[in-house]
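Subject: Handing over the structure

Hello,

Here is the structure I promised to pass on to you. Please open it alongside this message, and then read on for what turned up in it.

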Amino acid sequence: MTKGPHRQVLDQYLDTAAEGRLTGAGFNWKQKASDLEKLSEALTSAAQQAELRIGEQTLTGPALRAGMEESATSLALKAEQLRAAGEALTQVGRQLSDARDARDALAALGDKPPAYQAPAGTPGVEPTDEEIAAQAAASQARQNERTAWQTEYDKQEAKALALTKDMDAAFLGAIPPMKE
């Protein structure tokens, strides 16, 4: 099967990609974000109880409550960041899966049809008008095949380039949430 340079890059990209692992990791990260949210909510609730049990009039009660609420706020922020990163991983996994499906839907082109070669004539014998017309028709038919093949090749190269650019954008878009 003939593959152009953009198709080869796309194939290399997808042959080394593991979208299932990315999607699974994204799901796990979002699940851990939910766990952190629950912990944050529990800590906020416990902060009120801790202050009441220790005493609102003591120095320790309000300080303990403030510390617990600060920790709860920090946990909630980390949960948001973890959820955003998990969603980014999930989106990249979906993008890879969609690109793989689109690539797999591309038709196998085979080799480009060779240029028309007129049959060798008999030396000293002029071809008939019918033979000349048949050769012209065969030459035109072969040129049409070559043109159709080239058109499909160009479409596949454009599609492969677009898919690669989309995947690059998805990966680059996933970086900022992962850094936070």
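Phe-171 is partly exposed, with a relative accessible area of 30%. Please keep in mind throughout that this is a predicted model. A search of the whole structure gives two aromatic pairs, and Phe-171 belongs to one of them: its partner is Tyr-13, and the two rings are stacked, 6.0 Å centre to centre with 20 degrees between the planes. This pair links distant parts of the chain, since Tyr-13 sits in helix α1 and Phe-171 in helix α4, 158 residues apart. Unlike its partially exposed partner, Tyr-13 counts as buried, at 18% relative accessibility.

The other pair is made by Trp-149 and Tyr-153. Their ring centres are 5.2 Å apart and their planes meet at 15 degrees; planes under 30 degrees apart count as stacked, so this pair is stacked too. Here both partners lie in helix α4, four residues apart, which is about one turn of the helix. Trp-149 and Tyr-153 are both buried.

**Helix α1**

Tyr-13 is a good way into helix α1, which covers residues 5-15. Which residues of this helix are buried? They are Arg-7, Leu-10, Asp-11, Tyr-13 and Leu-14. Looking down the axis of α1, you will find these buried residues within an arc of 160 degrees, so they line one face of the helix. Pro-5, Gln-12 and Asp-15 are exposed on the other side of α1. And what do the buried residues pack against? Their partners are α3, residues 60-104, and α4, residues 129-179.

**Salt bridges**

The structure holds eleven salt bridges, and I will walk you through a few of them.

Asp-11, from the buried face of α1, meets Lys-3 in a salt bridge of 2.7 Å, N to O. Is each partner buried or partly exposed? Asp-11 is buried, with a relative accessible area of 7%, whereas Lys-3 counts as partly exposed at 34% relative accessibility. Both residues also take part in a network of salt bridges that links Lys-3, Arg-7, Asp-11, Asp-15, Arg-103 and Asp-104. That network brings together Arg-7 and Asp-11, which are buried in α1, and Asp-15, which is exposed on the other side of that helix.

A second salt bridge joins Arg-83 to Glu-37, with the closest N and O atoms 2.8 Å apart. It links distant parts of the chain: Arg-83 is in helix α3 and Glu-37 in helix α2 (residues 19-54), 46 residues apart. Both ends are partly exposed, Arg-83 at 28% relative accessibility and Glu-37 at 29%.

For one within a single helix, have a look at Glu-69 and Arg-65, whose side chains meet in a salt bridge of 2.9 Å, N to O. The two lie in helix α3, four residues apart, about one turn of the helix. Glu-69 counts as partly exposed at 29% relative accessibility, and Arg-65 is partly exposed as well, with a relative accessible area of 25%.

**Thr-90**

While you are in helix α3, please stop at Thr-90, which has its place there. Its relative accessible area is 7%, and residues under 20% count as buried, so Thr-90 is buried. What is Thr-90 in contact with, leaving aside its neighbours within four places in sequence? The list is Leu-22, Thr-23, Gly-26, Phe-27 and Lys-30.

**The cavity**

Last on the tour is an enclosed space. The count comes to one cavity of 30 Å³ or more, and the largest cavity has a volume of about 30 Å³. Its lining is made of Thr-2, Lys-3, Gly-4, Arg-7, Leu-109, Tyr-153, Gln-156 and Glu-157. Helix α4 gives the most to this lining, with three residues.

Some of these names will be familiar by now. Lys-3 and Arg-7 line the cavity and are also members of the salt-bridge network. Tyr-153 is another lining residue, and its ring is the one stacked with that of Trp-149.

Enjoy looking around, and do write back with any questions.

Best wishes

Note on methods: Residues are numbered from 1 along each chain as its sequence is written. This is a predicted model: local features need pLDDT of at least 70, side-chain atom pairs count only at pLDDT 80 or more; totals for chains, interfaces and linings use all residues. Side-chain values use heavy atoms; hydrogens and water are left out. Buried means under 20% relative accessible area, exposed over 50%, partly exposed in between (1.4 Å probe, protein chains only). The arc is that of the directions from the helix axis to the C-beta atoms. Contact means heavy atoms within 4.5 Å. Rings of Phe, Tyr and Trp (its six-membered ring) pair if their centres lie within 6.5 Å; planes under 30 degrees apart count as stacked, over 60 as edge-to-face and the rest as tilted. A salt bridge is a side-chain nitrogen of Lys or Arg within 4 Å of a carboxyl oxygen of Asp or Glu. On a 1 Å grid over the protein atoms alone, a cavity is a set of points where a 1.4 Å probe fits but cannot get out, and a pocket is an open set with protein on both sides within 12 Å along at least five of seven lines; lining residues have an atom within 4 Å of a point. Grid points are joined across faces, edges and corners, and a volume is the space filled by probe spheres set on the points.
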